[in-house]
Amino acid sequence: MTNPSANAPSVPTVVIVPGLRDHVDEHWQTLLENKLDRVRSVPPLSENKLSLAARIAALDAVISDIDGPIVLVAHSAGVMITVHWALQANRPIVGALLATPADLERQLPEGYPMLEDLNSNGWLPIPRRQLPFPSIVAVSSNDPLADRLRVANMAEVWGSRLVDLGDVGHLNPASGYGEWSQAEEFIDELTQVREDVVSQTLT
């Protein structure tokens, strides 16, 4: 007798891609990692912390160590790491949640890297090509690190579904955000798209 679950889609592993400030205990990405069963997070760099190439290599190392489907969950500059990685990699991805991307083509607020330093470390320009997997861009109406219209333009050229979160700042502890329950809803949405495609293929 055939096992009915034999052809069932496997549960994706969530790969968390932090921004330049890496792991913060009260950040929603860290809290999400603590809640999920199948999850990996890109570890902090010990050197070359501003190097985009080093960040991409760290993400690629995590992804290469995972068997089965993957959903990427990126925040801030982690969105840019994800987009740069996606346009030079060939690993299939179920989908990506891209939350409040930082606009690295414009000078960030005080305390963040200077535009010249970002440019010299390979971050510019921001890729503007369609991503090879489904994605959701969550945008804030009052993000100090990015203008809503510019993020909407990024989402359009990436082929992403744009979700307006309203006035949530940069969706980080400094903006009053710890846990962000919508992240799990968006992950479920991206996973469901894959399951629908697999089901149609099997039938």
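How do the residues of the lining of the largest cavity divide into nonpolar, polar and charged? The tour ends there; it starts at a strand. The model is predicted.

**Strand β5.** Select residues 135-139, which form β5. Five of the five residues in this strand are buried. Now colour the two sides separately. In a regular strand, side chains alternate between the two faces of the sheet. On one side of β5 are Ser135, Val137 and Val139, and on the other are Ile136 and Ala138; both faces are covered.

**Towards β4.** Add residues 95-99, strand β4, which pairs with β5 in the parallel sense over four bridges. Pick Ala99 and look across to β5: its bridge partner there is Ala138. Then show residues 115-120, helix α4, which together with β4 and β5 makes a right-handed β-α-β unit.

**Towards β6.** Keep Ala138 selected and add Val163, which stands opposite Ala138 in β6. Extend the selection to residues 161-164 to see the whole of β6, whose pairing with β5 is parallel and runs over four bridges. Helix α5, residues 148-158, joins β5 and β6 in a right-handed β-α-β unit.

**The cavities.** Leave the strands and turn to enclosed space. The whole structure holds three cavities of 30 Å³ or more, and the largest cavity contains about 60 Å³ of space. To find the largest cavity, select its lining: Val17, Pro18, Asp22, Val42, Pro43, Leu45, Arg55 and Ile81. This answers the opening question: the lining has six nonpolar residues, no polar ones and two charged ones.

Methods. Residues numbered from 1 in each chain as written. Predicted model: local features only at pLDDT ≥ 70, side-chain atom pairs only at ≥ 80, totals over all residues. Heavy atoms only, no water. Buried < 20%, exposed > 50% of the residue type's maximum accessible area, 1.4 Å probe, protein only. Helix = DSSP H or I, 4+ residues; strand = E, 2+ residues; numbered from the N terminus. Pairing = 2+ DSSP bridges. Right-handed = clockwise from strand over helix to strand, strands pointing away. 1 Å grid on protein atoms, 1.4 Å probe; cavity = no way out; pocket = protein on both sides within 12 Å on 5 of 7 lines; lining within 4 Å. Points joined across faces, edges and corners; volume = space filled by probe spheres on them. Nonpolar A, V, L, I, M, F, W, Y, C, P; charged D, E, K, R; others polar.
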